[in-house]
Amino acid sequence: MVNEVMFYLIGAMILIFSVLTVTTRRILRAAVYLLFVLISTAGLYFMLNYNFLAAVQLTVYAGGIVVLIIFSILLTSHLSERAVIAPLKQSILSALATLAGATLTLMTILRFAFVPNTGVDPQLNMTDIGNSMVSYNRDGYALPFEVISILLLASMIGAIVVAKKERKIKE
Amino acid sequence: MADYTYTLLIPLIPLFVFLLLGLTGHKMKPLVSGLIGSTGLGISAILSYATAFKYFIGSHVAGTGYASIKGFEVSWLHLTDKLTIHLGVLIDPISVMMLVVITTVSLMVHIYSIGYMKGDPGFYRFFSFLSLFSFSMLGLVLATNIFQMYIFWELVGVSSFLLIGYYYEKPSAVAASKKAFIVTRFADLGFLIGILMLSFNTGTFDFQTLTDPNGPAIASAGGAAFMGMSVLTWSLIFIFIGGAGKSAMFPFHIWLPDAMEGPTPVSALIHAATMVVAGVYLVARLFPVYALGAPDALMVVAWVGGFSSIFAAVIACTQTDIKRVLAFSTMSQIGYMMLSLGVSGYGGEEGLGFMASNFHLFTHAMFKALLFLGAGAVIHAVHTNEIGGMGNLRKHLPITHITFLIACITIAGIPPFSAFFSKDEILVAAFHNNKLLFAIEYIVAGLTAFYMFRLYYGIFWGKNTKYDHTPHESPLVMTIPLMILAFGSVFAGFIPFHSLVTSDGLPFESKIDWLIAIPSVLIGVLGIVVATVMYKKENPLPDKVAGTFKHLYKWAYHKFYWDEIYLFVTRKIIYRYISEPIAWFDRHVIDATMNGVAGIVQYTSYAIKGFQSGRLQQYAFVFVSGTVVLVLIFVYLV
Amino acid sequence: MIQNIPLSYFLVISTLMFFIGIYGFLTRRNLITMLMSIELILNSVNINFVAFNRYLYPQQLQGHFFMLIVIAVAAAESAVAIAIIINIYRNFKSVDVENVDEMKY
């Protein structure tokens, strides 16, 4: 019972705040609404008993990315600037495309009968997750781990280079 | 059987010279290009004389006739087993004779042109075209089959076009060359139809097979008929139409007077001695088929020839341009040759007309080339073509005068000069066959003497014209060919043609029939006397005669208005009712379709250009909606 | 907790969030708000992975790790995107997406 109420509450928060994110005219508020969406998603993960994932979500997404976005908003616009609303034609067409897509996807998903695995709730603890992350056995994820680290390195370097101020050529 | 493969060199040397001069001539000094051209022709001439000697004297067994030999043949285009087009060299009495004629006259013209065209900026171009023409004409006479002859026939037409339009900056020359090409091309349509009919009926192109008296051609004469004449007759008439076009027979004669716009050596080579006799050569080549298989076609040939000769002779009496008089004289003499072929039979004494026609071809080449080159020397000296601007030139141009006089006496048919013999044989042949044609030719002989001496007196005697600068005799390089040709026209009559060139290859006895010869000489002398009375000294007699026959004079002066008639037909009928609708169709339907296709493509490209707008959200929108549509199609509808 | 909530509810949420993100991407003019819409999309994908992992394959960890990888990729990509946006701001003096249309016909 409680679970269902919690679930409906969190689901409603997610949907409402995401709609607000994409429709509000104030940019900074859009960032804050995004933050709420991400926090609600973390709540959803907590409900599913995936504590580690929820923690990662909060740390990286809500803590890192949203802060980054807020910083960039502050760098590129002044506080009282209002976002321009797209022309009507564009809104209508994109709304239509979105609705069509959503309908299609929902129809496809809801028709399919997923067979849930009604087993015992597994207790995932950190040791298991950590072991499988660095093991290179059949169930190990050492390779994706290394690949991601390379990606992060590359993006870090790329971001620094791209955002560097151009050096003025001395006459 | 002797080996005649070396005769392949005779046409190939001028071809090589043409390519050499055409591609690199602009880098040479003019004199060098002239010498190269003349040397090439000289080698061909020597080879031709050697061939003639070898064929007629060297390898000849006395008592037998002259066979036609294939010196060389190669299969050029093999389409099916039945349809193969060969290229080769055919050695035959008439082809060897033509080799001698063509190379001699061409060599004389080459040497003459070194002097005549001096100073002209397109010197090397002239010589390259002359070599091209020589190659084409030699290929034509050496053709082994009728298709090869057609190829070279067209090549000769092209060379003539290039040479008549040599002064391409003069609009009249350009118009004349176009006219020549178009008229002869139109006649060649008949030629092509005739070739197709003939070869379809007999299954072969080859001359040796076609002219074989026991061969398929003659045998098909009794075959299918159309409107009273056999298919063979029709095909031969069509072939003759092609020949009539090239030989400037009525009604295809209109291009010949205008072709005088080309330089005079060109007129001498092409329009007097060689190209215009191509039609006569064609009939002579197919003569056994004409004589044995289609005598009706021979009648057509004879009457066309006879009518053309009197038509041209009447017009020539009134013309005032030297070259035009000579052009009509050519037309008239070729009429003689055609008529002679037309009244001839086949074999032995019957084939007198055939022999006489070829004999006259030989002598005519000599004296007509001489006349034209002499006229060229006169024009070179006084810088005008009109008789009215000349007079009393015998004091200033002695060598030209003597050689021109020799040629005029020859053409009048006075013995012992060459044309007497050849013309006499023609008259004899005509007399034995058709008295009316004989009468026509008899009158024409008199007219010929008359107008030639009118021309002669007008140039070299007559009034004492004042010249801007004293006319001077031409340089030696121009007078030596004149003298050589004069020698030829005097002594060529003594060549025993009756044992060399006959209709079936076998010799026959021929003697002078004094019953015909004496009247023909008399009418020639009469013509000379009348011309002397009227033109030797300046007097009002010519104007009085012209005034008496006012209408005839006017009509003859305007060449019987045939040019105007053709122009009318072309402009009012062909242009208006055929060419203009076709041009309209081409411009508005075909071009419109092409432009429409291009327009549609352009419009479409503008319309879809907007897809690449550079706007990110538009791309994303297309992406999303495209994915939705594809999913819809592949998941739900397929 | 999962007894009364069928899998399809999670999937509905994630689908709706996905398409709201797409709508935002197609409609918003500011580059940074477009970036936020992309984060929404990525987030919805994450929910999908986790839900499937929880309901269909509870013993295995593939959904986990894929979600971790997606988060890492999202972080990296938004960092680079913001760097580019800063650069665009320097050159065009605005972050309107309509100004960035040089690559056209």
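**Entry 1: chain B against chain C**

How much area is buried between chain B and chain C, and what share of that area do carbon and sulfur atoms give? I looked it up: about 1,000 Å² is buried between chain B and chain C, and carbon and sulfur atoms give 66% of that. (Buried area is the accessible area, taken with a 1.4 Å probe, that two parts lose on being put together, summed over both.) I then asked who supplies chain B's part, and B:Arg615, B:Leu616 and B:Gln617 give 45% of the area that chain B buries against chain C, more than any other three residues.

A note to self on the ground rules: this is a predicted model, where local features need pLDDT of at least 70, side-chain atom pairs count only at pLDDT 80 or more, and totals for chains, interfaces and linings use all residues. Residues are numbered from 1 along each chain as its sequence is written, chains are lettered from A and ligands numbered from 1 in the order in which they are written, and side-chain values use heavy atoms, with hydrogens and water left out.

Next I checked for charge pairs. Side chains of opposite charge can pair when their charged atoms come close. Between chain B and chain C I found 1 salt bridge (a side-chain nitrogen of Lys or Arg within 4 Å of a carboxyl oxygen of Asp or Glu). C:Glu98 pairs with B:Arg615 there, and their closest N and O atoms are 3.3 Å apart. So B:Arg615 turned up twice in my notes, as a salt-bridge partner and among the three residues that supply 45% of chain B's buried area.

Helix H25 (residues 616-637) of chain B gives the most to the side that touches chain C, with 6 residues. (Helices, H or I with at least four residues, and strands, E with at least two, are DSSP runs numbered from the N terminus.) By class, that side of chain B has 5 nonpolar, 4 polar and 2 charged residues. (Ala, Val, Leu, Ile, Met, Phe, Trp, Tyr, Cys and Pro count as nonpolar, Asp, Glu, Lys and Arg as charged, and the others, Gly among them, as polar.)

**Entry 2: chain A against chain C**

I moved on to chain A, where 77 residues are in contact with 65 residues of chain C (contact means heavy atoms within 4.5 Å). The area buried between chain A and chain C is about 6,800 Å², with 75% from carbon and sulfur atoms. In chain A, A:Val22, A:Leu48 and A:Tyr61 lose the most area to chain C, yet together they make up 9% of what that side buries.

How many salt bridges did I count between chain A and chain C? The count is 0. H3(A) gives the most to chain A's side, with 13 residues. I sorted that side by class and got 52 nonpolar, 20 polar and 5 charged residues.

**Entry 3: two pockets**

Rolling a probe the size of a water molecule over the atoms shows where empty space is left. (On a 1 Å grid over the protein atoms alone, a pocket is an open set of points where a 1.4 Å probe fits, with protein on both sides within 12 Å along at least five of seven lines; lining residues have an atom within 4 Å of a point.)

The largest pocket has a volume of about 940 Å³ (the space filled by probe spheres set on the points, which are joined across faces, edges and corners). It has 31 lining residues, and B:Cys317, B:Arg454, B:Met534, B:Tyr535 and B:Pro542 lie nearest its centre. H19(B) gives the most to this lining, with 5 residues. I tallied the lining as 18 nonpolar, 7 polar and 6 charged residues.

The second largest pocket holds about 750 Å³. It is lined by 22 residues, with B:Ile182, B:Val183, B:Ile254, B:Tyr566 and B:Thr570 closest to its centre. H6(B) gives the most here, with 9 residues.

**Entry 4: odds and ends**

Over all chains I get 10 salt bridges. One of them joins B:Arg285 and B:Asp92, with the closest N and O atoms 3.1 Å apart. The two residues sit 193 residues apart in the chain.

Most residues other than glycine have a negative phi, and most peptide bonds are trans. I noted some exceptions. The bond from B:Phe250 to B:Pro251 is cis, with omega near -5 degrees, and the bond from B:Pro415 to B:Pro416 is cis too, with omega near -5 degrees. A:Asn49 has a positive phi, near 70 degrees, and lies in the loop between H2 and H3 of chain A.
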